[in-house]
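Welcome! Here is a short tour of the structure shown below, starting with how its chains meet and ending with two residues worth a look.

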Protein chains: 2
Amino acid sequence: MTATVLRLDPSDKPTLDPMISLVATDMNLVNNVILDRMQSEIPLIPELAGHLIAGGGKRLRPMLTLASARLLDYSGTRHHKLAAAVEFIHTATLLHDDVVDGSDLRRGKRTANLIWGNSASVLVGDFLFSRSFELMVEDGSLKALRILSNASAVIAEGEVNQLTAVRRIETSEERYLEIIGAKTAALFAAACRIGAVVAERSEADEAALDAYGRNLGIAFQLVDDAIDYTSDAGTMGKDAGDDFREGKMTLPVILAYARGDEEARKFWKDAVEGRRDSDDDLAEAITRMRETRAVDDTLARARHYGQRAMDSISGFPASAAKDAMIEAVEFAVARAF
Amino acid sequence: MTATVLRLDPSDKPTLDPMISLVATDMNLVNNVILDRMQSEIPLIPELAGHLIAGGGKRLRPMLTLASARLLDYSGTRHHKLAAAVEFIHTATLLHDDVVDGSDLRRGKRTANLIWGNSASVLVGDFLFSRSFELMVEDGSLKALRILSNASAVIAEGEVNQLTAVRRIETSEERYLEIIGAKTAALFAAACRIGAVVAERSEADEAALDAYGRNLGIAFQLVDDAIDYTSDAGTMGKDAGDDFREGKMTLPVILAYARGDEEARKFWKDAVEGRRDSDDDLAEAITRMRETRAVDDTLARARHYGQRAMDSISGFPASAAKDAMIEAVEFAVARAF
C-alpha cells in the first residue's frame, strides 16, 4: 500500500539492536535506578508504576541519553540517574495521557487507569514526576534541571494544545507539527541534550544532540501516525485504525483532507467528528489515503526529519555510538515498511 | 456545640491580617510572578489556571515563605520566585485533587474540572507543576529544589495513601495523621523552610521553620475537618457536611467511631461506606459527635499542634514577623469557634 522498496532479505532491515548493545551495561544500571526509585511505602505506587514500567516499553528515551553520552566519550555514571529521570517523566506523561484519552490498552496490555482507576493514575504520575526531579537534584546539575523542567512544561503545553485540537478537522499541518514537536519531540531532544550536559561539552554539541533527538522524535511520531493506516500494523504493538476510530487528527488525515475533493472532505470531517468509525469506514479511509498518497507522503516527511537527525550529528567523529544512532533513525523511518 | 469560650468582642479574634500586612509588598511582587508565569501561548492554560489562581485563595503558603524570610531579616528578592513556585505546586495539587475527588465546587466557585473537564485540569496541573520547577531552577538553589521536589513526592504519596483509605472505616488516627502530614503539612513545612534557605540560615533555623509549618499545616487541616461538622461552616467558604456526604475519613469520624458503642459504629460504617448521606443522617452525625466530644477533641488536637508550631519559633527574637506568625497559628486554631 505504501510506495516502498521491499528488501529481499529481511535481515537487512535497520534495527535498534546496535543501540541496545551499545548501552546494555549502562541500561542495566539505569534499570536498577528506575526499580529502586519507583518504590514507596504506599504499595499501590510501585504496583501501578511497575505495571507500566515493566510493561515492555523500549526505554528509547533513556537509551538516547546513554547513547548520546557515549557518542561524546563520556565514561562516568552521572547519566544513569538522569536517564532514569527522563524515563520517569515519560512514564508520568503516559499515565496522564491514558487518563486524558480514556485509553484501555497500551503496548497490548490493559492500561493502569483501566485497572486502578483514573485517580490512581493521575496521582502516581504526579509521584513519578516529583521523583524525576528528586533524581535530577541528586545529580546536582542546574543545567540538566533547566532542560528537563523546560521540556516538561513544553510537553504539558503540547498536550493542552492537542486537547483543544481534538476532533477538529481544520487542524493544519503547521499546528500538528507544533503539537508533536512539544508532545513527543521535546523529550527526545532533552534526553539527547542531557548526554552532552553530563559529558560537559560545548553549547554547539548540546544543540547538535538536541536537534538529533528533536528530529528523530518527529520522525518517530509521523511513522507511528502512518502505521495506524497500514495493514501490517499488528506487528508494531499498535492496532491499525485506533487513531481513526478515535477521530485523531494526525498528518495522514491532514494530508488526505487537504488533498481531497468536496466529497472526501465530508468523509474526513465525519470521521474526525466521530460519525464514521466502522471497519468499512476504516477500509474506505485507507483507500482514500492511498488515492491521495497521504500515508506515503507522511512517511516522506518522516524521512525528511530522519535525514535532518542524521545530518545533525554528522560532525562527530565515526564511532560505534554514531553508527548506532544513525541506524536508530533508519529503524525509526523504516518501521512502516 | 463546641466547648468554646466565646469572645464578647469579635474584634478580639485572632486574624491573618498582621501577616497579610507584613508581607503585602512582597506578595504583590509574588503575584506578579504568578500572573506572568502562568501565561502560555495555549490560551486554555492561563484561562483555566487563572480561574483557580484568581479564585480567592488566601495564598497562605507563599505568604508563609515570605513571613519566614522576614522573620530571619532577609531583605532580598529571591523568595518571590520561590514563593510563586510553592503556590504553583499547591495549585497543581488542587487541580488534580478536584479531579480525583470529582469535586464540583471549591471556595464557592465551580471547579475547573467541572467547567473544562478532567483532562484539561490534569494537563494544566502538569504545566503548573513543571513551571514551578522552572522557577526554582531560575533561582538556582539546589537546596530549595531538593526541598520542594521532596515535598512534591511526599504530597503525591499522601494522596495515593488517602485514595487507598477512601471510605474505609478502619482508618486509624495514626494513619490519618500520616496522610495529612504528607498531603497538607509537607508543603506548609517546605514553604516555611524555603524562607530559611533564602536567608542562608543554619540547618537548625531551617528545621525550626519546617516544624512551624508542619505543625501549623496539621492544625489547619484538623480545624478544617472539625468545621465540616459545625453548623456555622457556611461562613468559612466550605459547606458543612461535605466531608460527611462524601464518606471522608477525617479525625472527627475516627474519634466518634472509636468511642462509639456497637450501634454508633454501625452508623459510622454505614455513613462512610455511603449508605447514610441525607440531611437527617448529618444531623444524627453531629449529635453523635457532640456525645463523644469528637469535634471538641479534634480541635484540642489542633491546638496541640498549634502550640507546637508556636514553640518551634520561640527561639527567634521578638519581631513583627514573629507576632504575625504566632497570630496566624491562633487564627488557624480559632477558626471553628
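How many residues of chain B are in contact with chain A? The count is 34 residues of chain B, touching 34 residues of chain A, where contact means heavy atoms within 4.5 Å.

Before going further, please note that this is a predicted model, in which local features need pLDDT of at least 70, side-chain atom pairs count only at pLDDT 80 or more, and totals for chains, interfaces and linings use all residues. Residues are numbered from 1 along each chain as its sequence is written, chains are lettered from A and ligands numbered from 1 in the order in which they are written, and side-chain values use heavy atoms, with hydrogens and water left out.

**How the copies are arranged**

Chain B superposes on chain A after a rotation of 180 degrees with 0.0 Å of shift along the axis, at an RMSD of 0.0 Å (a least-squares fit on the C-alpha atoms of residues with pLDDT of at least 70 in both). That is the relation of a two-fold axis. The copies meet through the same surface, because 100% of the interface residues of chain B are also interface residues in chain A.

**What the interface is made of**

Together the two chains bury about 3200 Å², 76% of it on carbon and sulfur atoms; buried area is the accessible area (1.4 Å probe) that two parts lose on being put together, summed over both. On the chain B side, Leu123(B), Val137(B) and Glu157(B) lose the most area to chain A, together 18% of what that side buries.

Between the chains there are twelve residue pairs in polar contact, both residues at pLDDT 80 or more, and zero salt bridges. A polar contact is a pair of N or O atoms within 3.5 Å; within protein, one must be able to donate a hydrogen and the other to accept it, and residues adjacent in sequence count only if both atoms are side-chain atoms. A salt bridge needs a side-chain nitrogen of Lys or Arg within 4 Å of a carboxyl oxygen of Asp or Glu.

H8(B) gives the largest share of the chain B side, 13 residues. Helices here are DSSP runs (H or I, at least four residues), numbered from the N terminus.

**Two arginines with positive phi**

Most residues other than glycine have a negative phi. Two exceptions in chain B are set out here, both partly exposed (from 20% to 50% relative accessible area, 1.4 Å probe, protein chains only).

| Residue | Phi | Loop in chain B | Relative accessibility |
|---|---|---|---|
| Arg167(B) | near 55 degrees | between H8 and H9 (173–198) | 32% |
| Arg293(B) | about 55 degrees | between H14 (279–292) and H15 (294–312) | 42% |

Key:
Helix = DSSP H or I, 4+ residues; strand = E, 2+ residues; numbered from the N terminus.
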